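Student: I have a new structure to look at and no idea where to begin. Can we walk through it together?
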Amino acid sequence: MPVSADDPAPSLLPLDIAWTRPFPFGESFTLVPSDSRLLVALPQQVDAYAWNAGGAPLWTAALAVTAPPVVSDGRVFLAGAEQIQAVSEVSGFVEWRLPTGPVSMAPTAQAGWLIVASDDRRLRAISASDGRVIWQDTLPAALAAPMAIDGGLLVGAFDDGVVRGWNVTDGRVR
């Protein structure tokens, strides 16, 4: 049946409540959804809850995060304590750690890559599976927003008003 521009949009509300969970009142926290979990980044820890099963707690990682967590390829990447940790999304088990210095901008993860820009303007392209640094560079200015990956292109917007790009596999400037 054809739809006309004059037809009202279908209602998405009311939504059913799947589950509720109390969070610490007064503390700042970040919610990061993944396919099957809700991650809650609190000042001193990250908690994972199941979307189904009534929001049951799954695991807790005791780490003071300094940037929002990123989820990709079954791993949760946590920046804090001057390091990046890769944690299994399923179990919360720490798969690897990498010293980075302070990180306050969320890393970028996609297609097996983890891109981390530390506060000292060091840019690292890391193998997401094992934490190996594949290449690194020094940024000419501070990032204005998290970086993005599109195919083989890594792009960043900087506070000097310039957008810069790198080849994600080898770090060549594009």
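Tutor: One term to begin with: contact means heavy atoms within 4.5 Å. This is a predicted model, in which local features need pLDDT of at least 70 and side-chain atom pairs count only at pLDDT 80 or more, while totals for chains, interfaces and linings use all residues. Residues are numbered from 1 along each chain as its sequence is written, and side-chain values use heavy atoms, with hydrogens and water left out.

Student: Ok, contacts then. What does P68 touch, leaving aside its neighbours within four places in sequence?
Tutor: P68 is in contact with T30, A106 and P107.

Student: And where is P68?
Tutor: P68 is in the loop between β4 (57-61) and β5 (70-72). Strands here are DSSP runs of E with at least two residues, helices are runs of H or I with at least four residues, and both are numbered from the N terminus. P68 has a relative accessible area of 37%, so the residue counts as partly exposed. On that scale, buried means under 20% relative accessible area, exposed means over 50%, and partly exposed is in between, with a 1.4 Å probe and protein chains only.

Student: How far is P68 from L78 in space?
Tutor: Their C-alpha atoms are separated by 7.5 Å, and the two residues are 10 residues apart along the chain.

Student: Let's zoom out. How many helices and strands does the chain have?
Tutor: The chain has zero helices and 15 strands. Its C-alpha trace spans about 50 × 45 × 30 Å along the principal axes.

Student: How much of the chain is buried?
Tutor: Buried residues are 42% of the 174 residues. Among contacts with a separation of 6 or more, 28% are between residues 24 or more positions apart.

Student: Pick a buried one for me.
Tutor: V76, in strand β6, is buried because its relative accessibility is 0%. Not counting residues up to four places away in sequence, V76 touches L39, W59, P69, V70, V71, Q85, A86, V87 and E89.

Student: What about T60, how far is that from V76?
Tutor: C-alpha to C-alpha, V76 and T60 are 12 Å apart, with their positions 16 residues apart in sequence.

Student: New topic: charges. How many salt bridges are there?
Tutor: The count comes to four, where a salt bridge is a side-chain nitrogen of Lys or Arg within 4 Å of a carboxyl oxygen of Asp or Glu. One of them joins R75 and E95, with the closest N and O atoms 2.6 Å apart. That pair links distant parts of the chain: R75 is in strand β6 (residues 75-80) and E95 in strand β8 (residues 94-99), 20 residues apart.

Student: Is R75 buried or exposed?
Tutor: R75 counts as buried, at 16% relative accessibility. Its partner E95 is partly exposed, at 35%.

Student: Why would such side chains pair at all?
Tutor: Side chains of opposite charge can pair when their charged atoms come close.

Student: Which others are there?
Tutor: They include R132 with D130, at 2.9 Å from N to O, and R164 with D160, at 2.8 Å. R132 is partly exposed at 48% relative accessibility, and D130 is partly exposed at 36%. D160 is also partly exposed, with a relative accessible area of 39%.

Student: Which side chain of opposite charge is nearest to R124?
Tutor: That is D120, 5.2 Å away, and R124 has no salt bridge although it is buried. For charges, Lys and Arg count as positive and Asp and Glu as negative, with His and the chain ends not counted.

Student: So what does R124 do with its side chain instead?
Tutor: The side chain of R124 has a polar contact of 3.4 Å with that of S118. A polar contact is a pair of N or O atoms within 3.5 Å; within protein, one must be able to donate a hydrogen and the other to accept it, and residues adjacent in sequence count only if both atoms are side-chain atoms. R124 is in strand β11 (residues 122-127), and residues it touches include T100, L114, V133 and W135, leaving out those up to four places away in sequence.

Student: Last one. Which loop holds A111?
Tutor: A111 is in the loop between β9 (108-110) and β10 (113-117). Its phi is near 50 degrees, a positive value in a residue other than glycine. A111 is exposed, with a relative accessible area of 64%.
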